[in-house]
Amino acid sequence: MLSLTLRLSKGVALVVTLGLVASCGLPRSGPNKAEIFSGSVLREGDAFVLTVDDRVNAIAAVAPALGFSSGFLNAATLGSDTISAGDVLGLTIWENVDDGLLVPAGQNATLLEEVQVDGQGFIFVPYAGRVKAAGNTPEAIRRIISEKLADQTPDPQVQVRRLAGDGSTVAVTGGVAGSGVFPIERPTRTLSSMISAAGGITVAPETARVTVIRGNHRGSIWYEDLFKNPSNDIALRSGDQIVVEEDTRFFTALGATGTQNRVQFFDQSISAIEAIAQVGGLSSAIADPTGVFVFRNEPEAIAEQLVGQDLIGTQRVVYVLDLTQPNGVFMARDFAIRDGDTVYVTEAPFVQFNKTIAAATGSLNAVNGLNTAAGN
């Protein structure tokens, strides 16, 4: 009878201990599936929780594309003798009359030395007025001046030459072998040739990004797209800044994965499966393959397509991937990870149960040890 009483007492103690342990909250890597789903707008939260399927993949895969605007793509190639603001020109003008506009009496030509191109790209020539010089070649400037003077003196002859100035130059900085300011010459009129002149890139070509800044405009492309799409090899302009930099995009991996870390992209695009593999895969000891989540702030336009209703502003979206479903791995393989995403894998339910049992068993052993000590 005493033995039965002891067994009942231990059973009651175990139940009480389990309850106490569970209520205290055992250590874990993050929220469980039920807690995440409770954050849905359909319950008490403010996030849209969506199961990933082909439709969701097609919408969520949309990402801002890199590329140059038409202003960059349509720019004509500059010649190596193109004049720039700040250059100093020398002009020689011949007139076929004895009493010319500019030529002194008794001479057949006049020299206009050290005519500087102003900040707006113009020079002033008497009787021809302001002439656009920057962006033109000496030959084009000669033709413009000749046409303007022809209305006032018969058949003027004009010679234009650069006296000082480097002409058109660009600055190349960032992940290149030799940063610096380089002239636009015949071999370096385009983006790829100028990068080559700077010694080539020193960062991984798979994730190297090239940005061209031209005045108030800028455009960026992937370095590899310079060669995949020839139209991206744009013509350069004086004053362009070329910046080569390593991709700064990242995602965060948390929960029951091999590594919990902030991870940089290793390619231009990566899938959920690749992201999980990059952090060591799912932990075989504790991970729940039915509970792979991707947390993301979606722009208004994409969120509206996902949920089929009008929304205002950026929305919190939680994507759910169940790798145990027949097409689960395919869905995860097709789901594109974006910059700033958080990939979270929940623990399997039995893991928390095992922790509870282990904690309870340890607690009972401690109680029994105290009772034994007290009985002695």
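Questions on a predicted model

Student: What volume does the largest pocket have?
Tutor: The model is predicted, and its pockets are found by calculation. Rolling a probe the size of a water molecule over the atoms shows where empty space is left. For the largest pocket, the volume comes to about 390 Å³.

Student: Which residues lie nearest the centre of the largest pocket?
Tutor: The lining of this pocket is made of 16 residues. By class, 9 of them are nonpolar, 2 polar and 5 charged. Those nearest the centre are Ala63, Pro64, Trp222, Arg249 and Gln268.

Student: Which strands are at the edges of the sheet of 6 strands?
Tutor: The sheet is open, with mixed pairing, and its order is S1-S16-S15-S18-S12-S13. An edge strand pairs on one side only. That description fits strand S1 (47-51) and strand S13 (261-264).

Student: By what angle are neighbouring strands of this sheet turned against each other on average?
Tutor: The angle is taken for neighbours in the order S1-S16-S15-S18-S12-S13. Direction is ignored, and the average is 25°.

Student: Which helix packs on the sheet?
Tutor: The helix touches S1, strand S15 (287-298) and strand S16 (315-321). Its direction makes about 135° with that of S15. It spans residues 300-307 and is helix H9.

Student: What is the bridge partner of Thr252 in S18?
Tutor: Strand S12 covers residues 250-255 and strand S18 covers residues 342-347. The two pair in the parallel sense, over 4 bridges. In S18, the partner of Thr252 is Thr342.

Student: Do S7 and S8 pair in the parallel or the antiparallel sense?
Tutor: Strand S7 (residues 169-174) and strand S8 (residues 180-183) form a hairpin, with 5 residues between them. Ala171 stands opposite Val181 in S8. Their 4 bridges run in the antiparallel sense.

Student: Which residue in S11 stands opposite Gly174?
Tutor: S7 is also joined to strand S11 (residues 241-246) by 4 bridges. These two strands run parallel. Opposite Gly174, in S11, stands Val244.

Student: How many residues apart are Asp118 and Arg130, the pair that links distant parts of the chain?
Tutor: Side chains of opposite charge can pair when their charged atoms come close. The side chains of Asp118 and Arg130 form a salt bridge, at 3.4 Å from N to O. Asp118 is in the loop between strand S3 (109-116) and strand S4 (122-125), while Arg130 is in strand S5 (residues 129-132). Along the chain, the two are 12 residues apart.

Student: How many salt bridges does the structure hold?
Tutor: The contact between Asp118 and Arg130 is a salt bridge. For the structure, the count of salt bridges is 14.

Terms used:
Residues numbered from 1 in each chain as written. Predicted model: local features only at pLDDT ≥ 70, side-chain atom pairs only at ≥ 80, totals over all residues. Heavy atoms only, no water. Pairing = 2+ DSSP bridges. Axes fitted to C-alpha atoms, helices over the stretch in contact; angles between N-to-C directions. Contact = heavy atoms within 4.5 Å. 1 Å grid on protein atoms, 1.4 Å probe; cavity = no way out; pocket = protein on both sides within 12 Å on 5 of 7 lines; lining within 4 Å. Points joined across faces, edges and corners; volume = space filled by probe spheres on them. Nonpolar A, V, L, I, M, F, W, Y, C, P; charged D, E, K, R; others polar. Salt bridge = Lys/Arg side-chain N within 4 Å of Asp/Glu carboxyl O.
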